[in-house]
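Biologist: I would like to learn how the names we give to features are earned. Could we go through a few together?
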Amino acid sequence: MPVEITWWGHATCTVADSDVRVLTDPLFTRRLAHLRRRRGALPPPDAWHADVALVSHLHADHLHVPSLARLAPGTRLLVPRGAPRAVPGLRRLGHLRIAEMSPGDETSVDGVRIRAVPARHDGRRLPVGPHRSPALGYVVEGEARTYFAGDTGLFEDMAKEVGPVEVALLPVGGWGPYLGEGHLDAGRAAEALVRLAPRSAVPVHYGTYWPIGMDAVRPHEFHAPGDEFVRLAAERAPQVAVHRLGHGESVRLEVAR
């Protein structure tokens, strides 16, 4: 059975594997503080359906409480350890089954194993809040092993911590004209492919949200990262099949281990 990846925009994807739907960092809004959605229609209600949703870290463009509130009653929600303490709105989502995760923790959803892995990124709820929670990536293992990186920079033990994977969903940009510490741009994401050696990759976290009034400021950082990643991946990791999806597009990947 193939795994199907749908990119809804930013870091929001559906991974459908072994009849289990896994939703990553749900963000279903046109406006978030000073950011607006510049490209791609809002995900349709079908995108809200998942057996389990994964939250990589506490930044508001990855842990968006109003978007999580749209998930169906009983949906499992995996969040970094300490998230309910740092984000009180999570505690009001009584219709969801929330579990806190740390790197190395595992859980199973209808036979699909989900493992939390480290990420190199500031996991705090910003701009306020002293409480720290670990930034996470996740490996979803059913018919395929799919790595959702969340937000991360490169780190020395990435290949060891993530382990062998067939599919990698990698951030290649951001939501503003400059990327801070703890992020992958197109070049660093291509280097991640060299380290991880998946069979397929999908670039995410680019070309969706942008600060209001800054459309003309370094516009290439909005428009170019996906194509740049395709180009650099072909140079540095030619064995990896890269699928640059449009918003709402899907790819079905036949995976044989």
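Biologist: What makes Glu106 partly exposed?

Modeller: This is a predicted model, and in it Glu106 has a relative accessible area of 43%. Buried would need under 20% and exposed over 50%, so 43% falls in between and Glu106 is called partly exposed.

Biologist: How do you know that Arg113 counts as partly exposed?

Modeller: Try the same reasoning. Arg113 has 33% relative accessibility. That value is also between the 20% and 50% limits, so partly exposed is the right label for Arg113.

Biologist: Why is the contact of Glu106 with Arg113 called a salt bridge?

Modeller: The closest N and O atoms of Glu106 and Arg113 are 3.2 Å apart. A side-chain nitrogen of Arg must be within 4 Å of a carboxyl oxygen of Glu, so 3.2 Å passes the test.

Biologist: And what makes the pair Glu141 and Arg113 a salt bridge?

Modeller: Here the N to O value is 2.5 Å, which is within 4 Å, so Glu141 and Arg113 qualify. Glu141 belongs to strand S11 (residues 136-141) and Arg113 to strand S10 (residues 112-118), so this pair ties together parts that are 28 residues apart in sequence.

Biologist: How do you know that Arg195 and Glu191 are separated by about one helical turn?

Modeller: They are four residues apart in helix H4 (residues 186-196), which means about one helical turn lies between them. Their side chains meet in a salt bridge at 3.3 Å, N to O. Arg195 has 33% relative accessibility and Glu191 has a relative accessible area of 27%, so both sit between the 20% and 50% limits and are partly exposed.

Biologist: How many salt bridges does the structure hold?

Modeller: It holds 14. Arg36, Arg38 and Asp215 are linked in a network of them.

Biologist: Let us turn to the sheet. What makes S9 and S16 edge strands?

Modeller: Seven strands form an open sheet in the order S9-S10-S11-S12-S13-S14-S16, with mixed pairing. Strand S9 (106-109) and strand S16 (241-242) each have a single partner strand, so one side of each is left without a neighbour in the sheet.

Biologist: How do you know that S9 and S10 pair?

Modeller: Pairing takes at least two bridges, and four join S9 to S10, so the two strands count as a pair; they run antiparallel. Val109 stands opposite Val112 in S10.

Biologist: Which strands does H4 touch as it packs on the sheet?

Modeller: H4 touches S12, S13, S14 and S16, and its direction makes about 155 degrees with that of S13.

How values were computed: Residues numbered from 1 in each chain as written. Predicted model: local features only at pLDDT ≥ 70, side-chain atom pairs only at ≥ 80, totals over all residues. Heavy atoms only, no water. Buried < 20%, exposed > 50% of the residue type's maximum accessible area, 1.4 Å probe, protein only. Contact = heavy atoms within 4.5 Å. Axes fitted to C-alpha atoms, helices over the stretch in contact; angles between N-to-C directions.
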